[in-house]
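Here are some questions and answers on how terms are applied to a structure, with each value set against its definition.

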Amino acid sequence: MRPTSPIPTSVRWALAAVATVVVVGCASLAQPTAIDAAWAAEQWPEVTQAELQRGRALYVKRCAGCHALRLPERFPTSAWQQHVDEMAKRAHLLPAEREPMLRYLVTMSRPGAGAKEAPSPPG
Ligand code: HEC
């Protein structure tokens, strides 16, 4: 008789599912904070922290299929519009999904993004 794996198939599937969640939920893809939302509201008056969070969720959902997610800070803020334009077709992005995703990426690619508290004044 051929030796079989000591781990039952169902358990292996469960482990694979957990591993996927760990990778996709990667802590390094920053969550937008209240400070990020305040910065974003200066660019787009109607934007909320919830919309930025939705943009992050869309980014994870639509853009992780083919390659590792590029961290927002990896590209300059001004480059993201072009990247999203280029990838929109590949990702089958709906028009309504584009704006929240781009706003998340633009907001989180600026220097100092992800801070939970305002930097203390110098001196
Ligand atoms: C159907 C597959 C696919 C999907 C889905 C996809 N990409 Fe890509 N992406 C690629 C390929 C292939 C490359 C690398 C080759 C290239 O640059 O064309 C790439 C490259 C990139 C790069 C790097 C460009 C550079 O100059 O280094 C960025 C940024 C990027 N993708 C962003 C995104 C975003 C944002 C989304 C979601 C809207 C997305 N991708 C969804 C296939 C995909």
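Q: What makes a residue count as near a molecule?
A: A residue is near a molecule if its C-beta atom, placed from the backbone, lies within 6 Å of that molecule. In this predicted model, 13 residues surround the ligand, and Cys63, Cys66, Met87, Arg90 and Ala91 come nearest.

Q: Which helix gives the most to the shell around the ligand?
A: Helix α4 does, with four residues, although α3 (49–63) and α4 each supply at least two residues of that shell.

Q: What makes up the shell around the ligand, by class?
A: The shell has seven nonpolar, three polar and three charged residues.

Q: How do you know at what angle helix α4 and helix α5 pack?
A: Two packed helices are described by the angle between their axes and the distance between the axes. For helix α4 (residues 80–88) and helix α5 (residues 95–109), the angle is about 145° and the axes are 10 Å apart, and the crossing of the two is right-handed.

Q: What makes the contact between α4 and α5?
A: Residues are in contact if their C-beta atoms lie within 7 Å, and the contact is made by Trp80, Gln81, Val84 and Ala88 of α4 with Arg98, Met101, Leu102, Leu105, Val106 and Ser109 of α5. By class, this contact has seven nonpolar, two polar and one charged residues.

Q: Where is confidence lowest, and where is it highest?
A: The mean pLDDT is lowest in helix α1 (residues 9–24), at 69, and highest in α3, at 98, while the mean for the protein is 89. Where pLDDT is low, the predicted coordinates should not be read in detail.

Key. Residues numbered from 1 in each chain as written. Predicted model: local features only at pLDDT ≥ 70, side-chain atom pairs only at ≥ 80, totals over all residues. Axes fitted to C-alpha atoms, helices over the stretch in contact; angles between N-to-C directions. Left-handed = near helix turned anticlockwise from the far one by under 90°. Contact = placed C-beta atoms within 7 Å. Nonpolar A, V, L, I, M, F, W, Y, C, P; charged D, E, K, R; others polar. pLDDT = per-residue confidence, 0-100.
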